[in-house]
Every structure is written in structure tokens, then in C-alpha cells.
Amino acid sequence: MSANYHNPVQSVYGAGALSSLPKLLDGRRAALVTFPEARAIGLLGRLESVLQGALACTIDQTRPNPDVAELASLYEWFWREHADVEVLIAVGGGSAIDTAKALMVANDAASFADLVAGLAGERPFVPTRSKMLIAVPTTAGTGSEVTPWATVWDRERQKKYSLHLPETWPRYAVVDPELMLSLPAAVTLQSGLDALSHALEAIWNVNANPLSDTFAVSAVRDTLEVLPQLMAQLDNVELRGRMALAALKAGMAFSNTKTALAHSISYEMTLRYGLPHGIACSFLLPMVLERAIGRRADRDAVLREALGMPLAEAPQQLAAFIESLGVKTRFADYGVGDDEAREMLLHAQGGARGKNFIGNDLAENQA
């Protein structure tokens, strides 16, 4: 069997890694993209102290789940006023990094409408200009610091777009667990379950390979062990570091496989019910696991290794683990009736991410 694995991101990991930014910039000027609360918690002041004269501008009004309506004016302002800036530094959760990725690339006209048309598949978008990205996650879950994907939403059209170009890989990932110490419990939980989802989705995936499996198995095992401990000790920097490393490994896994059925379902749950992404992609993991078991012997072996238990009892045990963290694991728990759940599942199976799932009956029937 042959396998192909590619990830060009250089990772800098460990407590205090934020101080590496000036060296990584190597004399370049940078635009900082972060979240509105960064100043109040002291993070923005710390970044300004680290970056000093290298900081060209600060964008600190990023929103959760960035929407095209919010991004349009920001994008065109950035490329009009700061086209000469060489580097974007994204500091925050997945939404801050997604916003920076959306700002990374432009055509000659720097037209955001052209980028959105490309995302919607209406016409090709060919970037002629791009920025270097340094991704600095403040949550342990999205893996966006080591992947080329950015999720952009269009709530008016009830659409979710995935930006994915060769230019949207970060150049560097700076993973500093000290930045995660102020993260509240709810976001810590959502992020950790997002990491678990990424790792499992990389295993029950038609694109899985031995290298992605190595990262995914380790990420699953680490998350199952560390996340409950971390929820009880949010100020423990060692546990923050272990969870950050698990999330990084999960990102390394799905950077090559992409996600699968659970994520395909999650987008509908976020659009229709406003469910936070980490919950939306994790609450049905036991159901998806049950559908994955027995489909392929090689995937069963990897799932057994990752979960550390007989697969016959794994869906029930996984549900018990998620529910022990306060997250319900059925559609009905979120107000979704049986008919809507069936429709949502069918729609998810037909999506690009759903087709990555090894247990996709729809894909098999169409083959």
C-alpha cells in the first residue's frame, strides 16, 4: 500500500512560544488579527510588547463563525490600506484564524465578491497576491493552525463555504499553552471535543493513511485522558499543554484526510440551531462510530487502538464519556425531530465531507 502525506507548517510548541514571533517575522511587518476581548484580558498588550515596531495594524473585531456580510468591508479595507504588509498573525480561536485566512489571498482587483464567487463555485478564483500567515491558537481544538481550511459562513443564503487553496496553509504555527490559561470552561470543553472529533473523523475516513493514523490515534488517546482532568483544573498549564498538543496532532491528522460525516452534520446544526461548532460536531460521534464499525477491517483495528476497548462496547462508552462532560448525544436533545434528523443525515451524506465517511451508504449506492 502506498500513502501520501503532506503538511508544510512549521510548528513552534511550548510555554513561552509566543516570544518566538520576532524571530519568525525576520524583519517583516505584520498585521495582527485577534478577537475583541484580547485587550481586556491583557493579551493584546502582551502582543504589542512582543511585536513592537513590527506591528503595522491590529484587527481586533473578529466575530465567531465569520460571515461574508461582516468580512466584505474588512477584506477590501485591508487590501486597500495594507496591501504592502507581508505577514498576517492570527491570534485566537478558529474564527480569528479563519478570518486571517480569508484576508490572506486576493486577485488583482482585491475583490471580496470574486473570492465569495469562487467559494460558491460560481467562477474560478485565482489569487495573484498572498500573505504569509503565522497562526497562534488560544484554544486547543480547531487544528486550524496546521491546516489550509477556513470556514466562511453566508447566513443569508444558509450556506457554509470552505476556503482551501495552496496559499492558505499557515507558514508557522505557534502553540503556547500559556495563552490558553484564561479560556473559560465552556470554550475549553467545546474546543477539546472539536479536537476529539477531528481525530476520530480522520480515522473513519476514506482518505486515511498510516501517517495520519499515527497522529489521530495519539490525539484520541490523549484527549480521552486529558480533557476530563483539564475541565477540573482549568489553571493547570501542564494539562493545557497536553491538550494543546493533542489538538495539534488531531490537526496534523485531518490536514490530510479532511473531516467526515460528523462535521457534515455539524454545519446544519450550527446554521439551523446555532449550536457551537465543538458541540455540533461531537454530540453525534457515538452514532457515527456505530455506523463506522465493521465497514473496513483496517479502520476497525485503528479505532480499537485509539479507543482502547472492544468495539462492541465503544459507542456506548464514547457516549458515556461525552455525556459525563455535560454534552447530550442525541438529536432529540437539541430539539431535532426524527423526520428532520433523517433529512439532515441524508443531506450530510451527500456533502463533500459526508462522502469521506467509510460508512456512507449513499456513496456506496451511487458507486
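This is a short tutorial dialogue on reading domains, pockets and one residue in a predicted model.

User: Where do I start with a chain like this? Which domains does the assignment give?

Analyst: Start with the big parts, then move to the details. Here the domain assignment gives domain 1 (10-178) and domain 2 (183-356). The contact takes 23 residues from domain 1 and 25 residues from domain 2. Keep in mind that you are looking at a predicted model.

User: How far apart are the C-alpha centres of domain 1 and domain 2?

Analyst: Those centres lie 25 Å apart. As a general idea, the size of an interface is often given as the accessible area lost when the parts come together. For this model we have the residues in contact instead, 23 from domain 1 and 25 from domain 2.

User: What does UniProt list for residues 8-177?

Analyst: An unreviewed UniProt entry lists "domain: Alcohol dehydrogenase iron-type/glycerol dehydrogenase GldA" there. You can set such a record beside the fold: over residues 8-177 the chain is 28% helix and 26% strand, with the end C-alpha atoms 22 Å apart.

User: And which feature does UniProt place at residues 189-348?

Analyst: That one, also from an unreviewed entry, is "domain: Fe-containing alcohol dehydrogenase-like C-terminal". Residues 189-348 are 73% helix and 0% strand, and their end C-alpha atoms are 24 Å apart.

User: Now the pockets. How much space lies in the largest pocket?

Analyst: It holds about 1,100 Å³ of space. Next, ask who lines it: there are 42 lining residues, and Gly93, Gly94, Ser95, Thr139 and Thr142 are the closest to its centre. Sorted by kind, the lining has 15 nonpolar, 21 polar and 6 charged residues.

User: Which element gives the most to that lining?

Analyst: Helix α6 does, with 5 residues. Elements that each supply at least two residues include α4 (94-104), β8 (149-154) and α9 (261-273).

User: Why does the largest pocket lie where it does, relative to the domains?

Analyst: Look at which domains supply the lining. Domain 1 and domain 2 both give residues to it, so the largest pocket lies between them.

User: Can we try the second largest pocket? Which residues lie nearest its centre?

Analyst: Lys160, Ser264, Tyr267, Gly351 and Ala352 do, out of 16 lining residues. This pocket has about 350 Å³ of space. Its lining divides into 5 nonpolar, 6 polar and 5 charged residues, and β9, α9 and α14 (338-350) each supply at least two of the lining residues. Both domains contribute here too, so the second largest pocket lies between them.

User: Last, a single residue. Where is Asn256 found?

Analyst: For one residue, read its element first and its neighbours next. Asn256 is in helix α8 (residues 237-257). Leaving out residues up to four places away in sequence, Asn256 touches Asn4, Tyr5, His6 and Asn207.

User: What does the side chain of Asn256 reach?

Analyst: It reaches the backbone nitrogen of His6, at 2.8 Å.

Methods:
Residues are numbered from 1 along each chain as its sequence is written. This is a predicted model: local features need pLDDT of at least 70, side-chain atom pairs count only at pLDDT 80 or more; totals for chains, interfaces and linings use all residues. Side-chain values use heavy atoms; hydrogens and water are left out. Helices (H or I, at least four residues) and strands (E, at least two) are DSSP runs, numbered from the N terminus. A polar contact is a pair of N or O atoms within 3.5 Å; within protein, one must be able to donate a hydrogen and the other to accept it, and residues adjacent in sequence count only if both atoms are side-chain atoms. Contact means heavy atoms within 4.5 Å. UniProt positions are given in the numbering used here, feature names are shortened, and annotations may be inferred rather than shown by experiment. On a 1 Å grid over the protein atoms alone, a cavity is a set of points where a 1.4 Å probe fits but cannot get out, and a pocket is an open set with protein on both sides within 12 Å along at least five of seven lines; lining residues have an atom within 4 Å of a point. Grid points are joined across faces, edges and corners, and a volume is the space filled by probe spheres set on the points. Ala, Val, Leu, Ile, Met, Phe, Trp, Tyr, Cys and Pro count as nonpolar, Asp, Glu, Lys and Arg as charged, and the others, Gly among them, as polar. Domain bounds come from an automatic or database domain assignment.
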